[in-house]
Amino acid sequence: MATLGLTVRRLSWALLLLTACQGRILDPAVARPTAADAGAQQAVGDGGAVGRDGGGIADAEVPPPRGVVAVVPIRRLSATQFHNTLRSVFPAPLGDALVARSTFPAAGARAGQVSGFSSDADNTTVSTADAAAIEDNAEQLADYLFAQAEVALPLLMPASCGVAAGASDATLDACMPSFIGLFGARAWRRPLSTTEVTRVHAMYTRVRAEQPAREAWSALMQYFLASPDLLYRPERGVGTQGVVALTPLEVATRLAFLITDGPPSEALMAAAQRPDFSPAAEARQLLASPAAAEVFGRFLREWLRVDLLEALDDQSATVPPAVRDALLRELTDLSRTQLLGGGSLRALFLTDRFPVTPSTAPLYGQPGGDGSDVVVSDRRGVLSSPAFLTAHAPAGHQVPILRGAFLRKQVLCQTLATLPAGVDLEGPLSGARNLPTARQRLEPTTTRNDCRGCHTQFNPLGLALENYDALGRFRATENGVAIDASGELELGGERWSFATADELLRVLGDSRLLTDCAAERWFHFVLGRPVQPSERPFVDALAVASRDTGATAEQLVVDLVQSEAFTHFLREQP
Amino acid sequence: MTMSTTRRRFLRGAGGAMLALPWLEATHARAQGMSATPRRLIMVSYPMGFVRDEWRPTATGSSFTFPFITAPLEPFKARTLIISNVDNKVVSLNAQHHFGHPGKKESVLTGTLMRAAFSGDRSNTLGNVIADQAGSDVGGPNSESICSRVGRAIRGGRPFGSIDVGVSGEANELSEVRSDFCFEAATTPVGVQCNPARAFARAFANVDMSGGAQEAERRRLFRKKSALDLVRDSFRELRAGLNGSDQRRLDEHAARVRQIEIDIVRASCTAPMGNYGTPSPTASYQPFRQLSMRERGALMIPLLAHAMACDLAPVGRLEFFDQQNPYFGLPVVDAARNAWRTAATPNDWHGMVHGDASPVDGVRTRGAPPAAFLLEGYRFFVQQLADLLGALAALPEGPDGQTALDHSLVVLSSDFGNGDGHSSRKLGFVLAGQLNGARTGYHFDGAGRNADFYTDSAYSSTQVLNTIARIFDVRDGAGAPLTSFGLEGYAPGVGTLPVF
């Protein structure tokens with residue numbers, strides 16, 4: 001909290017100064033900024049008097065947000081998290097084999113949603129069918145362990161028991177209590193109490209009374225793999241009311257699931273039990289792991305709805321499965337190179353370097369690729385990536401209105417006006433449908449009085465991206481006519497004009513709305529539920545830190561995990 | 001497939017005392033030509049509304065004729081209540097729910113808004129509703145749907161809580177899909193099985209209880225039951241010290257685990273004819289991938305009808321998925337759809353419904369008269385309802401020539417009224433089968449023949465849900481008839497429609 005609090009205090013002043021400055025320079029009544037101004041504006045932010053390590057601003061005037069005043073719902077493991085748990089609690093070959101056989105229910109399709117994440121608490125509730133699938137999966141995995149018992153038991157039983165292949169039932173019986181304690185602690189991410197060991201062992205004993213030791217052990221594994229302590233991440237904290245602190249083990253668990261989508265390692269659990277446990281230091285270590293890029297990639301896929309590609313038909317001739325899979329990987333790779341390793345949100349949205357693979361090289365207009373970064377001159381940031389552009393081209397056709405509306409609503413977190421019921425959607429366009437370019441075809445929507453109020457908000461965004469076709473390939477013409485990507489738009493109370501898609505994307509990449517929205521979505525992702533109104537100050541501080549200090553994405557994560565938003569929660573009144 | 005008399009029959013005998021009373025009441029009432037509480041509720045849902053003037057009958061009351069879209073219901077006219085022009089008023093409480101699709105499917109059978117539209121403790125009350133906040137149209141609805149509420153009320157000793165089957169229009173659809181319309185609890189959608197093989201296996205699989213297999217199966221079930229017992233105990237332990245909302249979430253999961261323990265006692269019954277194949281735990285939709293919705297419906301409808309007639313569950317669901325570009329299996333619709341898909345602009349069923357123009361021939365899908373393929377597409381869903389009614393009417397249930405339809409309330413619903421404007425106003429419903437005193441052979445119009453889409457209806461779709469609750473005599477926590485399903489404290493959602 002200290003780091004972020006300091007940052008927030010400094011940045012609040014910086015924001016006030018910057019806002020005041022913008023008010024003079026960018027007052028729409030005085031001057032209309034162009035895209036070229038965006039760079040200059042950013043330069044002010046980057047090189048101004050207040051940076052992340054800058055000084056000179058008094059700390060006392062603006063109190064730091066506490067960061068948490070709301071309830072954090074209990075989270076259930078997603079399928080990915082369950083599978084990462086299997087890999088964590090079982091030795092490597094066994095864990096991988098179990099994952100290959102697992103049919104743990106995935107989160108439902110999110111086709112009807114425009115926001116939210118698959119790991120949200122509300123997206124991982126359990127229906128009757130889910131419950132049955134979870135139990136059936138546990139039984140199926142336990143059956144596999146039973147079939148592999150002569151391999152699995154020596155690997156899993158405490159070394160002190162000396163269990164080898166072919167061990168007698170008596171040997172297994174004697175070892176079972178210590179096995180329950182050892183395995184349970186890994187599965188439940190905390191030590192088991194004596195009472196818990198006794199209760200679990202009683203179940204083993206009950207089955208053992210009529211069945212051999214290996215069968216009883218498989219029932220035990222069936223239980224562990226469906227046990228609520230494994231499936232859920234309960235947080236009890238320290239304290240009985242109001243804002244309470246998580247225990248160090250609970251912080252470690254949040255950390256691990258946030259950054260690696262999996263449970264804490266034994267090393268992290270051990271660290272959490274030491275007095276010098278530092279969430280910041282542990283976060284830095286975890287952020288360096290390959291798993292971090294996977295998590296950030298998922299965040300971006302689900303925020304930008306690139307995950308819509310998952311629904312593409314295997315038989316699709318337009319987007320063959322290999323291309324689809326490469327596109328789904330693209331944001332993970334971009335996360336690795338642009339967000340992590342010293343990158344930033346701004347870098348992600350303004351980069352001209354993209355991971356080009358053999359499958360995506362034709363989309364980038366490149367002769368080939370091996371997955372490494374290539375400078376692509378006609379791209380600007382993640383919103384020009386083939387992954388994003390293809391995902392927002394339903395049925396193989398890009399739709400400027402939809403692309404533009406999506407950018408407004410989901411990427412900039414703006415509310416769109418209501419479409420009146422019964423409005424004539426087709427009539428205004430009837431005379432323009434055979435015109436060669438989308439701009440011409442859609443012109444009536446921005447010239448008619450009954451349409452333009454809304455369409456001037458999002459048409460310019462979508463039309464600027466017309467330089468990219470449904471597969472995200474750059475094109476200069478449509479039906480033989482040059483594409484005009486220029487436009488004007490209102491953004492955060494200011495009007496901007498741009499001549500090319502590149503200029504628009506620079507404006508978006510530098511816009512306050514985008515960083516505000518990113519902070520909101522990220523906070524939602526972290527806590528598994530939408531931001532509550534009381535949390536706005538904290539989220540705003542995150543956005544300011546991201547936008548105006550030049551802080552790396554990693555530093556923002558490190559700041560966040562030290563904040564009360566991450567290490568505390570609000571206990572409901574009984 | 002022949003009748004298989006095993007444990008199911010035994011269970012029916014053993015449970016006869018529990019089940020006999022409502023059965024005898026229903027039989028007695030039927031014999032006297034009276035209405036009775038239906039034994040089951042079957043919900044048929046599909047996305048994207050309709051063309052209103054080709055869907056609702058030409059006149060109100062009892063003297064009406066069906067227009068083109070609802071004409072397949074003609075054989076069941078005397079057993080049908082058509083409800084038109086009711087508004088899904090609750091949607092108007094949150095601005096985020098106005099635009100496009102989000103929140104509307106989830107709202108229509110729950111009578112409430114998405115959970116993210118609630119502040120405070122997020123309890124499902126009017127006072128907690130946020131008028132407008134980014135993202136408040138996401139996360140699933142804030143309460144269960146009427147089918148789940150009815151199901152809990154009339155479950156009795158039936159082995160399944162519900163039989164949920166789906167028909168997907170996507171070629172690549174996998175097995176289980178989360179319902180867009182039906183929710184077991186706040187934000188918890190019902191899992192709907194779209195793979196006929198798996199749906200068949202779940203409902204009709206027999207357990208071989210003979211010889212050595214019997215002992216192995218008994219031992220397996222003993223292990224599973226032991227593990228499940230401990231899982232349930234662990235839920236009780238885990239909930240201690242957690243926030244109340246977390247406890248409720250865990251309790252819901254634990255209740256479903258309890259249900260699994262009950263479901264372990266599988267039944268066998270009369271199964272439908274048809275090539276349902278063998279379910280695979282890992283394969284996707286094969287061999288059903290290439291089937292149209294019409295062909296998939298032809299498998300799922302008999303399956304659902306038989307499962308209902310076997311009394312396996314108090315609730316059945318048939319849900320049609322894929323509003324974007326379904327493969328109907330109807331020449332007129334598919335030809336138009338295919339032509340549009342190969343054209344230079346993106347038009348598909350979704351585009352047809354919303355009034356886009358075909359880039360091929362410029363044919364508009366709105367206005368008068370509507371395009372033939374649009375009417376045919378919408379009629380498809382009504383035809384599926386009629387097929388289900390026919391399948392139920394063909395299955396004997398009870399004495400005196402009664403059929404499964406005599407004991408079933410079947411409801412057709414969608415998320416929109418007129419599909420072209422994403423309209424949550426002027427919705428329509430069909431109630432058919434056993435309506436327990438509600439009028440049949442009747443068209444109830446909530447706003448009048450000439451009501452346009454800007455005129456408020458006097459009735460809300462939540463009142464349709466209350467009407468369903470009354471048909472099943474569902475009671476609230478105090479034992480009084482349930483007359484205010486959905487969002488608590490919302491006056492337009494109180495009361496039933498005047499159809500009794």
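Here is a friendly exchange about a predicted model with chains A and B.

Biologist: Let's start with the whole of chain A: how many helices and strands are in its secondary structure?
Modeller: Chain A has 574 residues, and 58% of them count as buried. Among its contacts between residues at least 6 apart in sequence, 69% join residues at least 24 apart. As for secondary structure, chain A comes to 27 helices and ten strands.

Biologist: And what share of the residues in chain B is buried?
Modeller: Chain B contains 13 helices and nine strands. Residues 24 or more positions apart account for 75% of its contacts with a separation of 6 or more. Of the 500 residues in chain B, the buried share is 62%.

Biologist: Surface chemistry next: what part of the accessible surface of chain A belongs to carbon and sulfur atoms?
Modeller: For chain B, about 17,300 Å² is exposed, with carbon and sulfur atoms supplying 54% of it. The accessible surface of chain A comes to about 21,100 Å², and the part belonging to carbon and sulfur atoms is 57%.

Biologist: Now to a helix pair in chain A: are α4(A) and α5(A) parallel or oblique to each other?
Modeller: Two packed helices are described by the angle between their axes and the distance between the axes. Here α4(A), residues 92-101, and α5(A), residues 128-147, pack with their axes 10 Å apart at an angle of about 140°. Roughly antiparallel would need an angle over 145°, so α4(A) is, relative to α5(A), oblique.

Biologist: Which residues of α5(A) does α4(A) meet?
Modeller: The crossing of α4(A) past α5(A) is right-handed. By class, their contact has six nonpolar, two polar and one charged residues. From α4(A) come L94(A), A97(A), L98(A) and R101(A), and they meet, in α5(A), N137(A), Q140(A), L141(A), Y144(A) and L145(A).

Biologist: Which residues of α4(A) are buried?
Modeller: The cover over the buried part of α4(A) includes α3 (79-89), α5 and α6 (149-156) of chain A. The buried residues of α4(A) are L94(A), G95(A), A97(A), L98(A) and V99(A).

Biologist: How do α11(A) and α13(A) lie, roughly parallel or roughly antiparallel?
Modeller: Helix α11(A), residues 248-260, and helix α13(A), residues 279-287, have axes that come within 10 Å and cross at roughly 25°. Angles under 35° count as roughly parallel. The pair α11(A) and α13(A) is therefore roughly parallel.

Biologist: How many nonpolar, polar and charged residues are in the contact of α11(A) with α13(A)?
Modeller: On one side, α11(A) brings V251(A), L255(A), A256(A), I259(A) and T260(A). On the other, α13(A) brings P279(A), E282(A), A283(A), L286(A) and L287(A). By class, the residues of this contact of α11(A) with α13(A) divide into eight nonpolar, one polar and one charged.

Biologist: How far apart in space are R346(A) and S546(A), C-alpha to C-alpha?
Modeller: R346(A) sits in helix α16 (residues 345-350) of chain A, and R346(A) counts as partly exposed because its relative accessibility is 31%. In sequence, R346(A) and S546(A) are 200 residues apart, but C-alpha to C-alpha the distance is 8.2 Å.

Biologist: Last one, on backbone angles: is N85(B) buried or exposed?
Modeller: Most residues other than glycine have a negative phi. N85(B), in strand β2 (residues 80-86) of chain B, has a positive phi near 60°. Its relative accessible area is 1%, under the 20% cut-off, so N85(B) is buried.

Biologist: And where is K426(B), with its phi near 55°?
Modeller: K426(B) also has a positive phi as a residue other than glycine. At 0% relative accessibility, K426(B) counts as buried. Its place in chain B is the loop between β7 (408-414) and β8 (427-433).

Note on methods
Residues numbered from 1 in each chain as written. Chains lettered and ligands numbered in written order. Predicted model: local features only at pLDDT ≥ 70, side-chain atom pairs only at ≥ 80, totals over all residues. Heavy atoms only, no water. Axes fitted to C-alpha atoms, helices over the stretch in contact; angles between N-to-C directions. Helix = DSSP H or I, 4+ residues; strand = E, 2+ residues; numbered from the N terminus. Parallel < 35°, antiparallel > 145°, perpendicular 65-115°, else oblique. Left-handed = near helix turned anticlockwise from the far one by under 90°. Contact = heavy atoms within 4.5 Å. Nonpolar A, V, L, I, M, F, W, Y, C, P; charged D, E, K, R; others polar. Buried < 20%, exposed > 50% of the residue type's maximum accessible area, 1.4 Å probe, protein only. Areas by Shrake-Rupley, 256 points an atom, 1.4 Å probe, with all protein chains shown as cover.
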